[in-house]
Structures are given as C-alpha cells and as structure tokens.
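Open the model in your viewer and keep the sequence panel beside it. The stops below are meant to be selected one after another.

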Amino acid sequence: MKCGLVAADGAVLHRETRPTPRTVPDRNDGGRAVLDALLETVVELGQKAAADGHTVRAVGVVVPGIIDAEHGTVSAENLLWVGTPVLAELQAAVGPGRQVVLAHDVRGGGYAELRQGALKGTTNSLFLPLGTGIAAAMVVDGSLVSGDGYAGELGHTRFVHGQAAELCACGQYGCLETVASAAALARRYGVRTGRVVDGAREVLELLAEGDADAAIVWEEALAALVDALVLYTTLVAPTRIAIGGGLVGAGETLLAPLRAGLHERLTFQREPEIVAAVLGEDAGCLGAALMAWDRVTLDESGEQGG
Ligand SMILES: [Zn+2]
C-alpha cells in the first residue's frame, strides 16, 4: 500500500510503500490482516507527522472494490472484505476530531488527475486506468461522480458477445475487463498460444516484434475499448479522456488506435482528446489526501457560515 503525508497545498511531505498482507482465501479471516495493516499504517503515519512537527487534520484512504458511502463499508473480493466497516474502524483508529474520508482507489486517482494531472482544467472528463482490472473515474459537470460509491464500473459492462464472451470475476460474461485489462491481455495470449508470458508487458513486446497472436489479442482489446469509449462519450460527453494503469506504458501504440477508432465511430458526438494519465501509481494516494483536505476546507467553510 502506498501512503504519505500531504500538506494543505497538495505538496507531498513524505511518502512510503508498505507491503499489503497476502490474503489466503481458504484461510479466510474476513480480510482482518489487511484491515489491521491499514489501521496500523494510519496510526503510525500520524505519529510520524506529529514527530515531524505537523498536525494531521484529516485522513484520506482509497481502497479497491465497492465502497458503500452511506454505510462506510467496503466489499473487495481480493482483500476478502465483504461489507467490512472500514470507515468506522478507521475513525476509531484515528480518534475523534479528525475527519476520515474513504473512497474508491480509481476515483482517488481520477481526482488527483483532475486537480493536478492530465484532467486539470476539465469539467467533463474520464480517467480510465487499464491495470489488473478496469474501473473509471467520471468527472461530470465539474464533479467526480460517485453514485453513493457504486459508480464508474465501465470495466464490468459487456463489450464482448456470443461465444467469445468469457466469464468475468464479477459473475457476468463478456465484460470489458475480460478482454482489455493488462491481466486479460496476458491471460488471453497464454490461452491462445499455450505460452506463459510475463504480463501484458511481454505481450506488448511480442506485438512490437510482429507476433500474430499478440496482434489478435491486442486488436480485440482495442475494439472493446473503442466500444466502451464511444458509449461513454455518447452518454456524458467528456472533452478529455486520460488512460492510465499499466497498459498506458504502451504509449501511442495504445493511444493512437483509440483516437482513430473513436474518430471513425463518432458522428454527432463531441470528440474528446485521448491522452495518457500523468501521475502514475501515486495518483490514488495523492487523490486520497486531496479529498481529505477538501473535507477540512468544507468543514471550515461550514463553521464560518454558521
Ligand atoms: Zn465483470
């Protein structure tokens, strides 16, 4: 897990990465080990801040999965959390008088891109990281859409039909994530060829070398992504789309065909720019802190307003 101390102006004062405890599904502790590591991290960072002469005003935490904003609970399959009361546990750990903000990791990343990165200055835009999974952070009319914690699951919408549709981890068939995530590229190449590859990175290397199977897997991913971007553009008219996650390491190999595919398909819709996200793996961590500072600002303005 990535964590840090961030000043009110968004400057990062300290950053560190800590190991996330491995979850073992057949020794299910309800994700307790992960939650305990998170709580310990928050407490220890608070102690570090105090030792360095800073005052922690608020804590921002972003996690994967479905965050029920109303109840502060999280369900995240890979952390073994099912309706886990993460917000209440965090609040108990940091004590009274400090705000705790809990959000989805992709929305955290999208918020950082909006405030300081590739989406800065936009009021309608999309942050779409293509990593192990796919989820979206949607900026609509100047606000990050959360849908009470449930919004942005573009990765779990069907873009592959018929026999080719594979079962997704979410239980549906043919999801964007099953064909266009970094994990899907490696898995699909492996299934096609019987070769085990070292992630999407190796598939991209094979693609660059002219490997025909890599090209097919890549084209299928691009086709589903173009479909997804056409849908998103038609529904909410972004002016800019920032692609992030591991796959954006492919650079123009990814971005140029997405632009061309979208340009070819759109007729009446406003055509968005397609760019690479700029904040990389730190985006979620930074976004969590920026959201926490927003809460402080909101509370202060509320108090001043009576
Ligand atoms: Zn799915």
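The tour goes from a metal site to a neighbouring topic, then to two loop residues and a helix.

This is a predicted model, in which local features need pLDDT of at least 70 and side-chain atom pairs count only at pLDDT 80 or more, while totals for chains, interfaces and linings use all residues. Residues are numbered from 1 along each chain as its sequence is written, and side-chain values use heavy atoms, with hydrogens and water left out.

**Zinc site.** Select the zinc ion together with His 156, Cys 168, Cys 170 and Cys 175. Its protein donors are ND1 of His 156 and the SG atoms of the three cysteines, at 2.0 to 2.4 Å (donors are N, O and S atoms within 2.8 Å of the metal, or 3.2 Å for Na, K and Ca; water is not among the atoms, so sites may look incomplete). The angles among the 4 donor atoms run from 102 to 123°, and the site is tetrahedral (four donors with all angles between 85 and 135 degrees). Along the chain the donors are spaced H-x11-C-x1-C-x4-C. His 156 and Cys 175 are 19 residues apart, both in the loop between β10 (143–144) and α4 (helices are DSSP runs of H or I, at least four residues, and strands runs of E, at least two, numbered from the N terminus). Cys 175 is buried, with 0% relative accessible area (buried is under 20%, exposed over 50%, partly exposed in between, with a 1.4 Å probe and protein chains only).

**Glu 177.** Next select Glu 177, in helix α4 (residues 177–180). What does the side chain of Glu 177 make a polar contact with? The partner is the side chain of the zinc donor His 156, at 3.1 Å (a polar contact is a pair of N or O atoms within 3.5 Å; within protein, one must be able to donate a hydrogen and the other to accept it, and residues adjacent in sequence count only if both atoms are side-chain atoms).

**Two loop residues.** Go to Leu 80, in the loop between β5 (73–76) and β6 (81–84). Leu 80 is not a glycine, yet its phi is positive, about 65°; its relative accessibility is 12%, so it counts as buried. Asp 148, in the loop between β10 and α4, also has a positive phi, about 55°. At 56% relative accessibility, Asp 148 counts as exposed.

**Helix α6.** Finish at residues 199–208, where the buried residues include Ala 200, Val 203 and Leu 207. After α6 comes Gly 210, with a positive phi near 90°.

Technical notes:
Four donors count as tetrahedral if all angles lie between 85 and 135 degrees; four count as square planar and six as octahedral if opposite donors are over 155 degrees apart and all others between 65 and 115; anything else is irregular.
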